[in-house]
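Work through the exercises below with the structure open beside the text. Each task is followed by a solution in steps.

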Amino acid sequence: MITNNFEYHQPFTAAKAIELFQQLDKEGKSPVYFNGGTEIITMLRINAFYNNTQAVINIRNIPECNAIGFQGDHFIIGGSITLAHLEEREEFPLLRKNCGRIADHTSREKITIAGNICGSIMYKEAILPLLLTDATLLIMSELGIREVPIHEIFDNKINLDHGTFIVQIAIKKSYLNLQFVSKKITKIGRIGYPVLTVNGLQTEEKVRFAFSGLCAFPFRSYAIEKILNSVADSFEEKLSAVIKALPAPILDDAHGSSAYREFVLRYLLEESLTKLKVR
Amino acid sequence: MIGKSVPRKESENKVTGTAKYTDDFTTAGLLYAKILTSPHAHANITSIDSTKAEKLPGVRTIITGQDYPILTGSAIEDRPILAIDKIRYFGEPIAIVVADSEYEAQEACKYIDVRYELLPVIHTVHEALAGIKPFIHENLLQYYQVKKMAPNPKQNTANHIKIRKGNIDKGRKLSEVTVNVDVSLPPSDHAAMETRSVRAEIVANGQVHIHSSSQAPFAIKQNICKYFMLNESDVIVHCPLVGGGFGGKAAVQLELLAYVASKAVGGRLVSLTNTREDDFVTSPVHIGMSANVKLGATKTGKFKMCEIKFLFDAGAYVDESSDITTTAATNCTGPYNIDHVWCDSLCVYTNHTYATSFRGYGHGELTFAIERAIDTLANKLQIDSIELRKLNAIKTGDTTPTQAPLTKSNIGNTLKCIQRVKELIDWKQGEIIHLSDRIVRAKGISCLWKTSLSPTDATSGAIITFNQDGSINLHVGLVEIGQGTKTVLAQILAESMKVDISKIHVKMEVDTSVSPNHWKTVASTGIYMVGNAVLDAAENAKKQLKVTASYALRCSPDQLEVGNSQIYVKHDPKRFINLGTAAFGYKYSNGNAIGGEVIGQGSFIMHHLTEIDSHTGKGIGGPEWTVGAQAVEVELDRKTFSYKIKKAISVIDAGKILNPKAARGQVTGAMSMGLSWASREGFIYDDNGKVENNQFRTYKTFIFDEQPEYIVEFISTPQLDAPYGARPLGEHGIIGMPAALANSLSKAAGVSLNQLPLFPETIWKHARGEAIDYK
């Protein structure tokens, strides 16, 4: 039961959404953009988040947000495309595999890719393939649509300017069908929050890695990639160097102790490096 | 009709979504209640200020503990309906808001200003026994004891059960080998699909109507009368279909709150339904346990003595925990014959959500303890663990830990169950098979037994009425909680009346003002108790029908028989009168009439049960012991410690199987529940005693694609005093699953796994020697 009363708006153009946001913001209604709604609904009903929200703007009916397909050299994914849909698409196998193990199927029918990577839940596993493929985000603001490289805007989380939203995500075609690994370990069972999710991508120059569940945010680290791409070091040397180079302490919570996550990191990295070739 | 897989009477309504549950109701003017619950696990309440909340739109009234300073409890009256002065668990009800809408009621809860003085939290049974101050119940000795208890406030214990069978010193001397095993399992939840829901109304003539998703409508009636000083005739409880009980809905909690909520708004109809979060932590849960088992045997494996200590985590209030503590003690050995048995079973208060009955009622817990000890002993003795179980299996002529004699009727054939499981799991292929350098397949075994600790005078009734078309209506006080008992009762009646099942209509809803009494829909006793009452009622109706028919057919009632919707002359079946006609009297050709409506009445009462002696435990605690054997096959990755449950097997001696598919469904469902419990269920508490996993987001249960292959078979040793020889089987599938899973994984991982739940991380910790008791 959601006890907050709030306005519900459903614009059909990106420009109208921005206009509505500005107007509602001016009225002091702390508006939020609403895509699949899984997070807003579940957090609101337990008063855990969005407590000041008096208006939501559903951007799911904006045509650009629902686009998916090739455009020139890029594969374009609308921000409102659901994880369940991405699970069915063959264009980007790494993303497809990640999306198939985020939440249960009923939720995946609702959760959108933009919602997953912008939400408050820390794992955001759909972002790992985007970090590895240097994706570009198309962000709508009052100035129109702006193309932003993901690395410019992602610093532990996506730092969107107030009142802006992701319309589309663009991935270079050349990255889509590279050799990859996508491995996920939960506390138990196939579905659940990750104790650790590892994504690896084999580019021509090197092997790229991104992680979720290891620290309190998903990340791709150049320092760690450098360690893992070393030809000289043994696996044990790489592992201890990786642990030293982590951007934050290893998570330690009810889903997995930090010692256990480190244990899982060891075998997932070992398996991943066996599959991907360090040159 | 007996022995046929008759589909459930209510299944069409359920699968089409038209079946109505308690919360599937609305009407103009219905008010809604919401509970403000405690954010702390142990605290004094220094003040409650509702002024702000009372002024909010839609709010009708706010009730706090001071408004109803009563204490409740089925064994000891220790629980206020709303906290008074003190909080004893995270999620404890503090206040109720009644409002025009559900959201207004919930919103108002946020504005009730409660001030607390935090107290040290008692996290474990061990901390509780150590007597850290302040105690959870300072006035424990002043509480009214409904049942005889042995409370000790300084150790935070409510009861202490002692079993003293044989001579323990002698048993110790005779034991050439002894194992000493500690096990533990945390409190967890029933996680029924339907959260608890209730609706209360006090109508103009003073009658109280309670609609509840409950397994115990008659207990609700008695409780409301007792605590609020009402006449029994003024309280009417209605139970529609219930969406899963598992013991959790046998406790009376929300009904008392809904009654005071309705009373506070002039008797208007008030609805109160738990959110999933409240259902997890505010309403009572599945008990936790720590135990120590010392099991002694000769070198050849003959069990000589058993010394067990159970510490049951009752949580903040006792409710059913004291009886669970008793049942675990009185059946502590499992289905094994041991001459010298000592058991001390303690019911311990902690700052956890209070516990109530859960499928298996202490037997799954005691079985985990004894069966882990047996596998440990087998390992030490280097004896095959199935042979060890066969050697010690209990049988007719033996006695239970309470010295109750076992007869050819009250115990089944344990040995046969073990033997069949051995074949089904392909034991001779090997207990441990290395599939690769990483993957190990392993098999684990557990036996089980269960009796019901009902009151020694528990009763049931049945009423049969007729329709003119010859069909028959059956009224009983048992609740349909998804277990399918009402369909099987219809089969029993159809068999007795010799009519087709389609001619029997069972009333699904229970209405305590007209339904015959039934103790509670618990303990797998429905068929035994109510089934016997139905047979009694059928005989009673047949007798009446024959008298009426004797006028029409001009012969003695003794010459008549009932069958095929007729009453006919035995030696000349062509002379008959239709059942539907005879059931309403017989009219002569001149218009004169005789007979009258036939209403069959039947009843049942437990017999030959005795109370348990408080010094030795001696007594007859239950009417029968259903026995069985179970096995689990797992595949463990020794590198990652992740595992798959491949196969789960049950062979249960359930006497005559009345409905094979329903029986298989009950046993399979219970096995699935047991595997879920053992592999992943358990509350996680933070340092302040707050439950961290009070949502399905974080409290994981088995999902569909994780189910193993289930094999269920039955052995049929009839129980002579039960309908057609059927033994109870509703709970039994769950009992050995935790032990069988732990036994298989212990073999696969090569370490003793004595703590639940068995997450891969748990196994990894054991393998590293870092395992700790649950908090």
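The expected span of a helix is 1.5 Å times one less than its number of residues. The model used here is predicted.

**Exercise 1. A helix of chain A**

Check the length of helix H1 (residues 14-26) of chain A against its expected span, then find which side of the helix is buried.

Solution.
- Step 1: H1(A) has 13 residues, so at 1.5 Å a residue the helix should span 18 Å.
- Step 2: The C-alpha atoms at the ends of H1(A) are 19 Å apart, which agrees.
- Step 3: A residue is buried if 20 or more other C-beta atoms lie within 10 Å of its own. In H1(A) this holds for Ala14(A), Ala17(A), Ile18(A), Leu20(A), Phe21(A) and Leu24(A).
- Step 4: Because these residues cover an arc of only 160° around the axis, they are on the same side of H1(A).
- Step 5: The buried residues of H1(A) pack against four strands of chain A: S1 (7-9), S3 (55-58), S6 (136-141) and S8 (165-172).
- Step 6: After H1(A) comes Gly28(A), with a positive phi near 80°.

**Exercise 2. An open sheet of chain B**

Give the strand order of the eight-stranded open sheet of chain B, and say which strands stand at its edges.

Solution.
- Step 1: The order is S3-S7-S1-S14-S11-S12-S13-S25, with mixed pairing.
- Step 2: Strands S3 (59-64) and S25 (510-511) of chain B each have a single partner strand, so one side of each is left without a neighbour in the sheet.
- Step 3: Within the sheet, S12 (208-212) and S13 (235-239) of chain B pair in the parallel sense over four bridges. Val208(B) is opposite Val235(B) in S13(B).
- Step 4: Helix H6 (217-228) of chain B lies across S12, S13 and S25 of chain B, at about 150° to S13(B).
- Step 5: H3(B) lies across S1 (31-37), S3 and S7 (93-99) of chain B, at about 25° to S1(B).

**Exercise 3. The contact between the chains**

How many residues does each chain give to the contact, and which helix of chain B gives the most to its side?

Solution.
- Step 1: Chain B provides 20 residues and chain A provides 14 residues.
- Step 2: On the side of chain B, the elements giving two or more residues are helices H3 (102-109), H16 (660-680) and H18 (760-767).
- Step 3: H3(B) gives the most, with four residues.
- Step 4: By type, the residues on the side of chain B are six nonpolar, five polar and nine charged.

Notes
Residues are numbered from 1 along each chain as its sequence is written. Chains are lettered from A and ligands numbered from 1 in the order in which they are written. This is a predicted model: local features need pLDDT of at least 70, side-chain atom pairs count only at pLDDT 80 or more; totals for chains, interfaces and linings use all residues. Two residues are in contact if their C-beta atoms, placed from the backbone, lie within 7 Å. Ala, Val, Leu, Ile, Met, Phe, Trp, Tyr, Cys and Pro count as nonpolar, Asp, Glu, Lys and Arg as charged, and the others, Gly among them, as polar. A residue is buried if 20 or more other C-beta atoms lie within 10 Å of its own, exposed if 12 or fewer, and partly exposed in between; C-beta atoms are placed from the backbone. The arc is that of the directions from the helix axis to the C-beta atoms. Two strands pair if DSSP finds at least two bridges between them. Axes are lines fitted to C-alpha atoms, for helices over the stretch in contact, and angles run from 0 to 180 degrees between N-to-C directions.
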